[in-house]
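Colleague: I am new to this structure and would like a close look at a single part, the open and enclosed spaces inside the model together with what surrounds them. Please go slowly and explain each term once.

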Amino acid sequence: NNEMATKNLLLLLLSLFLTLNLVTAQLSRNFYAGSCPNVEQIVRNAVQQKIQQTFTTIPATLRLYFHDCFVNGCDASVMIASTDNNKAEKDHPDNLSLAGDGFDTVIKAKQALDAVANCRNKVSCADILTIATRDVVNLAGGPRYEVELGRRDGLSSTADSVEGKLPHPTDNVNQLTSLFAKNGLSRKDMIALSGAHTLGFAHCKLVFNRIYNFNSTTQVDPTVNKDYVAALQGSCPRNVDPSVAINMDPTTPRQFDNVYYQNLQQGKGLFTSDQDLFTDSRSKPIVNLWASNAKLFNQDFVNSMIKLGRVGVKTGRNGNIRRDCGAFN
C-alpha cells in the first residue's frame, strides 16, 4: 500500500512539474544542452570583451532587455530595423534613446556563437539578449543567477505597438504598478526592477521639469534633496544641450548595488518615477528594507528578473531563430 501511495505521489508531483513547465512556456535552464552546450560561456566572453571597450555596454544591455520584454514580450523584436514598409519598435520615440551598445552586445555575441559550427543559427536573439543581460548585471558587481532559455524571436515589430507600454520618468506608483501588472509583474517586482536605475544615465531634458519649472507655485520639485538640486543644475544648466548625460545613481554609478534605494531615502532619485517609490506610503517600506539589506535586494531583483524573462515568450511556430538579429529572416 505504501508503494502505491509513493507511486501516486510521484505521479502527482510529475504532473505538477509538467504543468509548471507549461506555464513558463517550455523554458528551461538547459535548453541548449544538446545543440550548443557552451552557449552561456560564449556569450559571457563576448559580453566581457564588449565591456572592456565601453562601460555603457552594461546599462545599455539591461535597458534594451526591459524595453524588449515590455513590448510584445521578450522576443528581441526591439532589435528589428525599420524598412520602407514597416516602422519598427526601435524607431518609436520611447526607444530612440536606447544606446547602440546594447544592440551591439547582442550582435557581437551572435557572431561569436555563429563562429562555432554546432551553435550557428541555433540560439535565438531573444535568448542571447537574456543571457547578456544576466551577465552585465553580474559583471557590474550584481548577483549571478541561472537564466531560463528556449525563447523564439518575434515575427513582428511595429512602432505603434510600443505606445503606452513603457514607463515614463514622470509616472507615479499607480501608473507604474498598472503598467507592470499588464506584464504579470507585481508592485514588488516593479520596485525591484526600478533598482536597475542603480546603473546607467539619463539625459538632461528628462530632469529639466524637476529643477526649473516644476509647477506654477514652485520651480523646483520639493521632494528633491537641496544639494542634489544644485548638483543637477550644475550638470544641466538651463541652456545646456538637452542630450547631455547624467548618472542615474549619483553615488555609485558603475556598481550594481542597493545604493539606489539609499539615494531615494535622501531625496536623490533622478526621476519622479524613482523618487515616488519613497514618497508613496505603499512602496516606501520596501525601499527602506532594500536600502538596509543588500543581500535581500539582490535575491528579490533576481526573482523579478526571472519573472520578467517569462513575459510574452514565443515558442514553436509563434517565432523563429533569426540569422540576423536586426531583420526578419
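Modeller: What follows goes from the largest pocket to the cavities, and then to the packing around them.

This is a predicted model, in which local features need pLDDT of at least 70 and side-chain atom pairs count only at pLDDT 80 or more, while totals for chains, interfaces and linings use all residues. Residues are numbered from 1 along each chain as its sequence is written, and side-chain values use heavy atoms, with hydrogens and water left out.

The spaces are found on a 1 Å grid over the protein atoms alone: a cavity is a set of points where a 1.4 Å probe fits but cannot get out, a pocket is an open set with protein on both sides within 12 Å along at least five of seven lines, and lining residues have an atom within 4 Å of a point. Grid points are joined across faces, edges and corners, and a volume is the space filled by probe spheres set on the points.

The largest pocket has a volume of about 940 Å³. It is lined by 36 residues, of which Arg63, His67, Pro167, His197 and Phe271 are the closest to its centre. The elements that each supply two or more lining residues are helix 3 (57–69), helix 6 (173–181), helix 7 (187–194), strand 1 (201–203) and helix 11 (272–279), where helices (H or I, at least four residues) and strands (E, at least two) are DSSP runs numbered from the N terminus. Helix 3 gives the most to this lining, with six residues. By class, the lining of the largest pocket holds 21 nonpolar, 11 polar and four charged residues, with Ala, Val, Leu, Ile, Met, Phe, Trp, Tyr, Cys and Pro counted as nonpolar, Asp, Glu, Lys and Arg as charged, and the others, Gly among them, as polar.

Turning to the enclosed spaces, the structure holds two cavities of 30 Å³ or more. The largest cavity contains about 80 Å³ of space, and its lining includes Tyr65, Thr130, Arg134, Glu146, Met305 and Ile306. Helix 5 and helix 13 are the elements that give two or more residues to this lining, and the largest share, three residues, comes from helix 5. The lining of the largest cavity divides into five nonpolar, three polar and four charged residues.

The second largest cavity has a volume of about 30 Å³. Among the residues around it are His197, Met248, Asp249, Tyr260 and Lys268, and its lining has four nonpolar, three polar and two charged residues. His197 is thus named twice, as a lining residue of this cavity and as one of the residues closest to the centre of the largest pocket.

Around these spaces lies the packing. A nonpolar core is a set of buried Ala, Val, Leu, Ile, Met, Phe, Trp, Tyr and Cys residues joined through side-chain atoms within 4.5 Å, and buried means under 20% relative accessible area, with exposed over 50% and partly exposed in between (1.4 Å probe, protein chains only). The largest such core has 69 residues, and Met305, from the lining of the largest cavity, is one of those that touch the most other members. Helix 5 gives the most to this core, with eight residues.

Ser304 sits in helix 13 (residues 294–308) and counts as buried because its relative accessibility is 3%. Leaving aside neighbours within four places in sequence, Ser304 is in contact (heavy atoms within 4.5 Å) with Leu185, Asp189, Ala192 and Leu193.
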